[in-house]
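Here are some worked exercises to go through with the model open beside you. Try each task on your own before you read the solution.

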Amino acid sequence: MNIAITSQNLNPKIVVSGISTVVATIIKLSHNNLFFYEMGYRDGESKNFKWLLKQIKFIFHFPFFLLKNNIDLVHLNVPFDTMGIIREYMALLLSKLVGKKILLHIHGGKLLMIPAKGKLILFLIKRILNDSNVVLVLSQIEKDILNNNYNFNKAKVLLNAVDTSTIEFNQYKNAKDKVHVLYMARITESKGIDDLIVAFRQLYPISPFKFFLCGTGSEKEYLISCCQEIFGDDFVYKGVVSGSEKWNVIASSDIFILPSRHSEGLPMSLLETMAAGLVPIVTDEASMKYVVTPGINGVRVKKYNGLDICNKLNIIMNDHKMMMKFSKAARQTVEREYDTISYINKLDEIYYLLYNS
């Protein structure tokens, strides 16, 4: 079976994207013939004349790509935000124009959790949902939200996954003089950057720790400047990490922190770090609430609340017995529920059923 699969660029040096990580894994492990087609922005890309020409070219190039490679079905990966919806609606129309079946794979996004209000975007959302042959979401809560917000109850749940067999488990053992805290995601307002800064300003003077920052985004310079002021030599900005560099910084860390405010899906960085034994500290945003269970395998903090982050981070950093317990449980959670073998088998079955429908 020939399948076209879309995503932003798969090189993490070009785009920091959990969707790209998921798609790269699917391409690597699927038993079908997958043809990758790059769609969406690249980090730092400006919406100028060159960008406009790129969009116009897409209208002609994408259907030609589908026909040239004798594609049987199209797997669209979309963040549920305004630009993502517009882009994927165009891809859906072009795919239908040349007679291809559509699998729409939703990866979080602001318009998933918060109902769209504009008439045009509402129209596009309802069309992209109802005109796709199969719609996939990352958790049961996202399926319920699609039904509540857009009266669409046909979505199927496919949890994100990581290959735990390739991830070394480094359980927390308190071997360092200071706890190492890791942030590895896009550096934007939606990830709770301002709440982190509030927490760090209050906590660091009374309970020092090392903070490792990985990623890029619109708030990068702001966060770096604040962290340099707060932490001094206890702050390290690693930039966009991938390959051995990424796994080295994960292996050297104890806690993964991501206090997302909105627009989250099921972050691959959360699953990867938990598989490595890091203790997760996250909000209940979207699908993360199904992965991290407070008191069992990690810590839950309130959205828009730097003080809550400060208090709970301070407690967990100074309770080494709890850290060891959560570290072990985090790994077990990913092994049991979010491993790639089960994920790929389920996805290939969905491909097969769609192809033969």
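A residue counts as buried under 20% relative accessible area, as exposed over 50%, and as partly exposed in between (1.4 Å probe, protein chains only). The model is predicted, so local features need pLDDT of at least 70 and side-chain atom pairs count only at pLDDT 80 or more, while totals for chains, interfaces and linings use all residues. Residues are numbered from 1 along each chain as its sequence is written, and side-chain values use heavy atoms, with hydrogens and water left out.

**Exercise 1. A pair within one helix**

Task: Find the salt bridge between D131 and R127, and say how accessible each partner is.

Solution.
Step 1. Start with the rule: a salt bridge is a side-chain nitrogen of Lys or Arg within 4 Å of a carboxyl oxygen of Asp or Glu. Side chains of opposite charge can pair when their charged atoms come close.
Step 2. For D131 and R127, the N to O distance is 3.0 Å.
Step 3. Both residues sit in helix α5, four residues apart, about one turn of the helix. Helices here are DSSP runs (H or I, at least four residues), strands are runs of E (at least two), and both are numbered from the N terminus.
Step 4. R127 has 28% relative accessibility, so it counts as partly exposed. D131, at 24%, is partly exposed too.

**Exercise 2. Pairs that link distant parts of the chain**

Task: Work out which parts of the chain are joined by the salt bridge of K178 with D234, then do this for E189 and R261.

Solution.
Step 1. The closest N and O atoms of K178 and D234 are 2.6 Å apart.
Step 2. K178 lies in the loop between β6 (156–157) and β7 (180–184), and D234 in the loop between α8 (220–231) and β9 (235–239), so this pair links distant parts of the chain, 56 residues apart.
Step 3. K178 is partly exposed at 25% relative accessibility, whereas D234 is buried at 9%.
Step 4. In the second pair, the side chains of E189 and R261 meet at 3.1 Å, N to O. E189 is in the loop between β7 and α7, and R261 in the loop between β10 (255–258) and α10 (268–275), 72 residues apart.
Step 5. E189 is partly exposed, with a relative accessible area of 32%, and R261 is buried at 11%.
Step 6. Now widen the view: E189, D195 and R261 are linked in a network of salt bridges. By the rule of Exercise 1, the count comes to 14 salt bridges.

**Exercise 3. Two helices that cross**

Task: Describe how α7 and α12 pack, giving their angle, handedness and contact residues.

Solution.
Step 1. Two packed helices are described by the angle between their axes and the distance between the axes. Axes are lines fitted to C-alpha atoms, for helices over the stretch in contact, and angles run from 0 to 180 degrees between N-to-C directions.
Step 2. The axes of α7 (residues 193–203) and α12 (residues 306–317) come within 8 Å and cross at roughly 55°.
Step 3. That angle makes α7 oblique to α12. Angles under 35 degrees count as roughly parallel, over 145 as roughly antiparallel, 65 to 115 as roughly perpendicular, and the rest as oblique.
Step 4. The crossing of α7 and α12 is right-handed. A crossing has this hand if the near helix is turned clockwise from the far one by less than a right angle, and is left-handed if anticlockwise.
Step 5. The contact (heavy atoms within 4.5 Å) is made by D195, L196, V198, A199, F200, Q202 and L203 of α7 and by G306, L307, I309, C310, L313, N314 and M317 of α12.

**Exercise 4. Positive phi**

Task: Locate N70 and N151 and look at their phi angles.

Solution.
Step 1. Most residues other than glycine have a negative phi.
Step 2. N70 is not a glycine, yet has a positive phi of about 50°. N70 is found in the loop between α2 (49–68) and β3 (73–78).
Step 3. N151 also has a positive phi, near 55°, and sits in the loop between α6 (140–150) and β6. At 68% relative accessibility, N151 is exposed.
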